[in-house]
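The following exercises concern charged surface patches and aromatic ring pairs. Please work through each task before reading its solution.

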Amino acid sequence: MNFEELEVIKDVTGQLIDFTLNLRQSGHPGGSRSKMHAFWSMVFSDSHFDFVHPENPLSDRFILSAGHTVPLIYASLTVIGESFKKRFEETKDERFFIDPSRIVLLDDLLKFRHRDGLSGHAEFSGKTLFLKFNTGPAGHGLPASVGEALALKHVGLDAKVWLIEGEGALSAGASHESKNSAYGLGLGNLYWLIDWNDFGIDDHPVSKVIHGTPDDWFKPYGWNVAGCWEGHNWQKVFDAFDKVDAQKQKDLPNAIWFKTKKGYGYGLYDNKSHGSPHKANSEIFWRTREEFMKKYNVDFEGYGKPAPDGDEFVKQTRANLKKAIDVILKNDGLVEKITDELIQKRAVISKRSFVLDSRIFDDESLFDYNSYPKEIFFNPGSKVANRQALKSWGAWINSVSAKKYGRPLFLAASADLTESTNLSGFGEGFGDFKGYGWYDRDSNLEGVLLPQEITEFANAGISAGVASVNLSDKPYEKFDGFWMATSTYGAFAYLKYGPYRLFSQMAQDCPIKLGKILWVVGHSGPETADDSRTHFGIFSTVVTQLFPKGHIINVYPWEANEVPVLLGAALSKDVPIVAIHLTRPPIEIPDREKMKLPSYLDAAKGAYLIRDFKSGKRDGTILVRGTMTTYNLLKILDILDEKYNLKIVSIPSKELFDMQPKEYREKILLPWEDWEESMVITNESLKAVDDWIATKKYVQYCMSSDWDNRWRTGGTLDEVIDEAHLSSEYILKGIERFVKR
């Protein structure tokens, strides 16, 4: 593709952007236009995208981290889509057929920012499967690109991950975390394209706040960097691509920057062009059409006149979009050039290969907790923290995956807390398998434990990126790739919510099957006593519930033997995120048979009876969740049995409980009066168990760590539990008060 041809493509792309936003009177013209040279240079450089089959697992990946500039992508995909459509109609050659549901076409631009139309920000769905992550929140696409590049590298697939972002979002903490992570993981297949236009939304230039140039922002992080000071000069832009490849080192991530003008060619510049299109058919809108009209001998309908009303405006816009795209479509040589070059890239893609056994995702035994080996469970009387069971289960599942399929199921990352939260188990051996160990870019590319520092947000984004890479040859039907496990303290759970929210959206809307994320909410509750309230996961853990029903399963094992059971049950469900809430202190594993308790296997049902009502007058229902709360309640179980007629229910997972057969749910919580006349005891805040509270009628009797609406302090475990009013003595008094209601 020569520069003259690229200039035509760029000019048409700009008009498609402008007319789309002129009709909708919403969207972001400035950054969309400033990135045109970078985007089209990427497409026709050493990238290999499959626009015909964007789900192709062998293709390069693209993330528009600057998700607000998605009008550029819609316009560009229209150029590609309409060119392939014309070529197919003329030749009937199936190589040029793109399923209309998988590419943006001219008429789609008319529904920009309308329901069931093109989204206002970048989304990995429908007609934009070319986009490999949902973006828009500043910086959120950056760690996702790291995760996607890691997944490709881990299987040895010779494919690249490309990303476009502006320097404003590079000021976000996610940028710092992601740059460090990409270097540490040795991601030479990662390419960030930086649109350096010096403006965001506000009046001040970015350079008034952020020191230096892109060289300063990337070279100290160990990246391979190249750029150009003339980001709207085709020769200079391509020279930057050539330079970064010429100086490329195997394991260094790559950044290419372009000094551009925000609002390039739009007549409105810098921050003023960020999110405000020209008024519909305004004088400046038409004036900025004139150069294109003269250059390509085009007469736009309604030129110089006010916008008509309603459907007439839509018709006028469509006609003008057609006139713009026809500059390309009536140039047979250019249409052939576009389609032929992209088809040639598909031929290169088809020669790529990797080895990854997908049968693992058909193996139901991995989640059959009834048949788990006895070595991952603990004997009654032993003192074990429930987090220890995560370590044992993680070692077992990756080891059995290795033995049966020659690959791990999970990759894992923690913010320098891998040992502390026992996420380390995923890399450890089990039986005669020595374990995959730590990933090392020089010595152990098969390692599953990712070396990370204090990067909770990046770890979440990396996890979402990894789990978004589907390497199946039937990606609409099944997933093949890696699941991810990440951990941090429960008190810091909010740092992971943003990327997981986006992943949840993709799992809902993307027709390509995605993987799963295991969100380890470690060291939760006041049980994290010695670390004091800065580290208590009492309130912040509620963020794991802020998803639509069916998008996440929360599990709260109170003792170690419930951990593998709840993990197996939750991960067997068709739900993209599982959050397991673990506590720190070791407690004595109960002798369930001696105490007349159900088996720990019953935890898989989400709720199980510790005690059912006896005959006679009923004193109410007690619902209990959490480690020390359940442990301390069991200490007084004999007293409760003797004095009262109570139904006592352990409630490790509302989501799993809601999935049980009606008969079981009715046995546990119904009839209604049983549930209505209940109190909840939890080690977290009362907000965290809201779904278990039947009515407000008896909420005053519930017991939680925030009983006095104050943050707890710190000290020994016994001191903090006493302050939380969750000791055995306090629980007994609370239940007595409830019975006397």
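**Exercise 1.** Determine in which helix Glu-729 lies.

*Solution.* Glu-729 belongs to helix H23 (residues 728-739), where helices are DSSP runs (H or I) of at least four residues and strands (E) of at least two, numbered from the N terminus. The model is predicted: local features need pLDDT of at least 70 and side-chain atom pairs pLDDT 80 or more, while totals for chains, interfaces and linings use all residues. Residues are numbered from 1 along each chain as its sequence is written, and side-chain values use heavy atoms, without hydrogens and water.

**Exercise 2.** Classify Glu-729 as buried or exposed.

*Solution.* The classes are buried (under 20% relative accessible area), exposed (over 50%) and partly exposed (in between), with a 1.4 Å probe and protein chains only. The relative accessible area of Glu-729 is 54%, so this residue is exposed.

**Exercise 3.** Classify the geometry of the ring pair Phe-361 and Phe-479, and state the burial of each residue.

*Solution.* Rings of Phe, Tyr and Trp (its six-membered ring) pair if their centres lie within 6.5 Å; planes under 30 degrees apart are stacked, over 60 edge-to-face, and the rest tilted. The centres of Phe-361 and Phe-479 are 5.4 Å apart and the planes stand at 80 degrees, so the pair is edge-to-face. Phe-361 is in the loop between helix H12 (332-350) and strand E6 (383-384), and Phe-479 in the loop between helix H14 (456-468) and strand E9 (483-489), 118 residues apart. Phe-361, at 23% relative accessibility, is partly exposed; Phe-479, at 7%, is buried.
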